[in-house]
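Biologist: I would like a close look at a single part of this protein, the central sheet and what packs on it. Please walk me through it in one go, and keep it brisk.

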Amino acid sequence: MLRAALGKLDLADVPLATVTGRLVGASGLLLESVGCPLETGQRCLIETASGDWLDAQVVGFKREVSYLMPFKAPIGLATGARVRPAPEAGGLFIGPSWLGRIVNGLGEPLDGLGRLSGEHPLGAHPPRVNPLKKRPVDAPLDVGVRAINGLLTIGRGQRVGLFAGSGVGKSVLLGMITRHTEADVVVVGLIGERGREVREFVEHSLGKEGLAKAVLVVAPADESPLMRLKATELCHTVAAHFRDQGRNVLLLVDSLTRYAMAQREVALSLGEPPATRGYPPSVFGMLPSLAESAGNGEGAGSMSAIYTVLAEGDDQQDPVVDTARAILDGHIVLSRELAERGHYPAIDIGASVSRCMTLVADRAQREAARTLRARWARYREVRALIPLGGYTAGADPETDLAVQTMPAIEAFLRQDADEAAPLADTLTQLTELSAR
């Protein structure tokens, strides 16, 4: 039997030697290797002092030096360590068994439930769809939040950003949307956030029923920037797979800003010059590419995406915020002033917009929403004058009406974290409120 097997073996397929390189430099997360030809984007292995192998990826080169970046902390490396290309694996395969699982940016399970399997190969990068073949946004998405359903209606296949500074309620609002949105599959990317939030999100935001139809891709703040990039791209690839299988998918990414920061770390390590507020130009090229991989595809499935965007120092002109506002199909701004007043969710309806609302909402709803937004704006103009006695009723009937109906409007916009507000009920309340 052994003789028969050897007879079928082609000597041309047997490698005469294993080509290895040597580690010649390490500066922060950037490693330098020589002696082994490596392609950009190629995975490779670096030997540590303990005899283990560290997984890394080629991110650039200069002359004979290849620049590598590890997926995990580069501990135990020494000069002259061996570097060799990683053996070619079959790649990731995805299927229904991924539902209810938690993985890292490489698709490795983190929940201790065994290896993942599937029958469909998963691409290394999110798929691209011909823009002329994308199915249009033509149906509303019920997210279970009154302020959004009524005044900022989102469509299936729309991409929206939640813009706010730290501590204003982005994660809580994201959890509300996760629990109450009607979707066949929920894909969640927790990118660069606090590690404790992972378990909290699973137990409080998803629950057992929510987790059963969800896939979590996790890369906390203590992961390498390369792992955070991979995790963000993986959750888009997973969501696109289920979309192309005909499912209605909700993609949640917390946060897009951490993805931009991870790319900034990689680019600056490679010597790319900083441009706007320390962000190199490659960041503003990768963000549109990532966002365009979301949305609807050619088939019957849909892929709605919601990204949290951190406005550092509550600056709405932050370069990442400004870029996200331009490339997404709408933005929901959370106000620190409303949060400090105990108004949750702290959605500033005057500064927020849904660019697809006109496609999925009828004329009556749009008129009612416009009426409430106008009253909200008029009240905010005179709100500071009311305690000082500077506002006199009777001077302007529209302003008087705004002041009279504001308690009802604020009650409509407020919502407890565990309260669901179905779209049909929201539209009924909105119509009654605007008719006052």
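Modeller: Here is the sheet, then one helix beside it, then some loops. The model is predicted.

Start with the whole chain. The protein chain holds 13 helices and 18 strands. Its C-alpha trace spans about 100 × 45 × 40 Å along the principal axes. Of the 436 residues, 50% are buried. Among contacts with a separation of 6 or more, 71% link residues 24 or more positions apart. The accessible surface comes to about 20400 Å², and carbon and sulfur atoms hold 54% of that. The chain carries 46 positive and 51 negative charges, and their mean positions are 2 Å apart.

Now the sheet. It is open and has 8 strands, in the order 8-14-13-15-16-12-17-18. The pairing is mixed. Strand 8 (101-103) and strand 18 (353-354) are the edges. Each has a single partner strand, so one side of each lacks a neighbour in the sheet.

Move inward to strand 12, residues 159-164. How many of its residues are buried? The count is 6 of 6, so strand 12 is largely enclosed by the rest of the structure. In a regular strand, side chains alternate between the two faces of the sheet. In strand 12, Arg159, Gly161 and Phe163 point one way. Val160, Leu162 and Ala164 point the other way. Both sets are buried.

Which strands pair with strand 12? One is strand 16 (residues 302-310), parallel to strand 12 and joined over 6 bridges. There, valine 160 stands opposite isoleucine 306. The other is strand 17 (residues 330-333), also parallel, with 3 bridges. Here phenylalanine 163 has valine 333 as its bridge partner.

Another parallel pair in this sheet is strand 13 (residues 185-191) with strand 14 (residues 214-219). They share 6 bridges. Valine 188 is matched with leucine 216 of strand 14.

Next, the helix. Helix 3 covers residues 170-180. It is mostly covered, with 8 of its 11 residues buried. The buried set is Lys170, Leu173, Leu174, Gly175, Met176, Ile177, Thr178 and His180. These residues pack against strand 12, strand 13, strand 15 (248-254) and strand 16. They also pack against helix 2 (146-151) and helix 4 (196-212).

Look at histidine 180, which lies in helix 3. Its relative accessible area is 17%. The cut-off for buried is under 20%, so histidine 180 counts as buried. Its side chain reaches the backbone oxygen of glutamate 419 at 3.3 Å. Leaving out residues up to four places away in sequence, histidine 180 touches two stretches. Asp142, Val143 and Gly144 are among its contacts. Ala417, Asp418, Glu419 and Ala420 are the others.

Now the loops. Leucine 106 sits between strand 8 and strand 9 (120-122). At 14% relative accessibility it counts as buried. Beyond its neighbours within four places in sequence, leucine 106 contacts Arg43, Asp55, Phe71, Leu92 and Met227. Leucine 106 and alanine 124 are 18 residues apart in sequence, and their C-alpha atoms are 9.8 Å apart.

Serine 293 is in the loop between helix 7 (281-292) and strand 16. Serine 293 is buried, at 2% relative accessible area. With neighbours within four places set aside, its contacts are Pro126, Pro127, Arg128, His236, Arg243 and Met303. Met303 falls within strand 16, residues 302-310.

Two cis peptide bonds deserve a check by eye. One runs from aspartate 254 to serine 255, with omega near 10°. Serine 255 is in the loop between strand 15 and helix 6 (256-269). Another joins tyrosine 344 and proline 345, with omega about -10°. Proline 345 lies in the loop between helix 9 (336-340) and strand 18.

Last, backbone angles. Arginine 63 is not a glycine, yet has a positive phi of about 55°. Arginine 63 lies in the loop between strand 4 (53-62) and strand 5 (65-70). Is arginine 63 buried or exposed? It is exposed, with a relative accessible area of 72%. Arginine 277 also has a positive phi, about 50°. It is found in the loop between helix 6 and helix 7. Arginine 277 is exposed at 52% relative accessible area.

Technical notes: Residues are numbered from 1 along each chain as its sequence is written. This is a predicted model: local features need pLDDT of at least 70, side-chain atom pairs count only at pLDDT 80 or more; totals for chains, interfaces and linings use all residues. Side-chain values use heavy atoms; hydrogens and water are left out. Helices (H or I, at least four residues) and strands (E, at least two) are DSSP runs, numbered from the N terminus. Buried means under 20% relative accessible area, exposed over 50%, partly exposed in between (1.4 Å probe, protein chains only). Contact means heavy atoms within 4.5 Å. Accessible areas come from the Shrake-Rupley method with a 1.4 Å probe; for residues, only the protein chains shown count as cover. Lys and Arg count as positive and Asp and Glu as negative; His and the chain ends are not counted. The place of a charge is taken as NZ of Lys, CZ of Arg, CG of Asp or CD of Glu. A polar contact is a pair of N or O atoms within 3.5 Å; within protein, one must be able to donate a hydrogen and the other to accept it, and residues adjacent in sequence count only if both atoms are side-chain atoms. Two strands pair if DSSP finds at least two bridges between them.
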